[in-house]
Amino acid sequence: MSDALENINPKLYKKIDERQITAHDEDEDIVDEFDAREIFDLIRNINDPEHPLTLEELNVVEQSLIEIDNKTNRIHVKFTPTIPHCSMATLIGLSIRVQLLRVLPSRFKVNVEITPGTHMSEAAVNKQLADKERVAAALENSHLLRVINQCIGIK
């Protein structure tokens with residue numbers, strides 16, 4: 001990473017309130033399917049690679065851009081880079097994907113992509129993020145893995 005910031009003064013957004021835990025949520029006898037809010041809660045605090053801010057604070061991830069189908073075990077997350085030429089888009093997408101793959105049951109197929117029309121290299125980045133072999137190869141790179149772990153808060 002270079003020392004020059006691409007987006008020197010990003011727009012900040014208000015964080016949404018933490019999810020309130022109810023007695024229903026804590027009842028072990030009730031089958032509780034995953035929902036978009038739960039997935040959002042898993043990725044909202046990922047740190048931006050360029051700023052000491054979370055993806056939620058930068059509005060890179062939003063609950064409304066998460067689709068989940070518990071019947072087919074599919075999760076689709078769209079994210080919106082802060083600028084259309086963001087060189088960190090692939091790293092952000094990898095961080096989201098890695099976080100979800102690490103914490104969700106293995107039955108889920110996770111798809112992470114850029115919100116349509118929000119990035120100049122959207123098709124290329126989406127192709128990289130969808131390619132399991134390229135993702136696996138990226139995670140074998142110790143420097144890249146360290147950066148991803150910093151983004152998702154693992155020391």
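This section describes the helix packing, the burial of selected residues and the backbone outliers of a predicted model.

The chain contains 6 helices and 3 strands. From the N terminus, the order of elements is α-α-β-β-α-β-α-α-α. Of the 155 residues, 42% count as buried. Long-range pairs are prominent in the contact list. Among contacts with a separation of 6 or more, 66% join residues 24 or more positions apart.

Helix α3 spans residues 89–103. Its packing against α2, α4 and α6 is taken up in turn. Helix α2 covers residues 36–43 and packs against α3 at an angle of about 115°. The two axes are 9 Å apart. The angle makes α2 roughly perpendicular to α3, since values from 65 to 115 degrees fall in that class. The crossing of this pair is right-handed. On the α2 side, the contact involves Ile39, Leu42 and Ile43. On the α3 side, Ile96, Gln99, Leu100 and Val103 take part. By class, the contact of α2 with α3 holds 6 nonpolar residues, 1 polar residue and no charged residues.

The pairing of α3 with α4 has another geometry. Here the angle is about 30°, and the axes lie 10 Å apart. The helices are therefore roughly parallel, as angles under 35 degrees are classed that way. The crossing of α3 and α4 is right-handed. Helix α3 contributes Ala89, Thr90, Gly93, Leu94 and Arg97 to the contact. Helix α4 contributes Val125, Gln128 and Leu129. These residues of the α3 and α4 contact divide into 4 nonpolar, 3 polar and 1 charged.

Helix α6, residues 142–151, also packs on α3. The axes of α3 and α6 come within 9 Å and cross at roughly 75°. The two helices are therefore roughly perpendicular to each other. From α3, the contact draws on Leu91, Leu94, Ser95, Val98 and Arg102. From α6, the residues are Leu144, Leu145, Val147, Ile148, Asn149 and Cys151. The class count for the contact of α3 with α6 is 8 nonpolar, 2 polar and 1 charged. Leu94 of α3 thus appears in the contact with α4 and in the contact with α6.

Helix α4 covers residues 122–130. Its buried residues are Glu122, Val125, Asn126 and Leu129. They cover an arc of only 100° around the axis, which puts them on the same side of α4. An α-helix has 3.6 residues a turn, so residues three or four places apart point the same way. Ala123 and Lys127 are exposed on the other side of α4. The buried residues of α4 pack against four elements, namely β2 (74–79), α3, β3 (109–114) and α5 (132–140). Two of these buried residues, Val125 and Leu129, belong to the contact with α3.

Ala89 lies in helix α3. Its relative accessible area is 1%, so Ala89 is buried; the cut-off for burial is under 20%. Setting aside neighbours within four places in sequence, the contacts of Ala89 are Phe79, Pro81, Ile114, His119 and Val125. Val125 is also one of the buried residues of α4. Ala89 and Pro49 are 40 residues apart in sequence. In space, their C-alpha atoms are 9.7 Å apart.

Two asparagines carry a positive phi. Asn59 is not a glycine, yet its phi is about 65°. Asn59 sits in the loop between α2 and β1 (66–69). The relative accessible area of Asn59 is 23%, so the residue is partly exposed. For Asn73, phi is near 60°, again a positive value in a residue other than glycine. The position of Asn73 is in the loop between β1 and β2. Asn73 counts as buried, because its relative accessibility is 18% and burial means under 20%.

Conventions. Residues numbered from 1 in each chain as written. Predicted model: local features only at pLDDT ≥ 70, side-chain atom pairs only at ≥ 80, totals over all residues. Heavy atoms only, no water. Axes fitted to C-alpha atoms, helices over the stretch in contact; angles between N-to-C directions. Parallel < 35°, antiparallel > 145°, perpendicular 65-115°, else oblique. Left-handed = near helix turned anticlockwise from the far one by under 90°. Contact = heavy atoms within 4.5 Å. Nonpolar A, V, L, I, M, F, W, Y, C, P; charged D, E, K, R; others polar. Buried < 20%, exposed > 50% of the residue type's maximum accessible area, 1.4 Å probe, protein only. Arc of directions from axis to C-beta.
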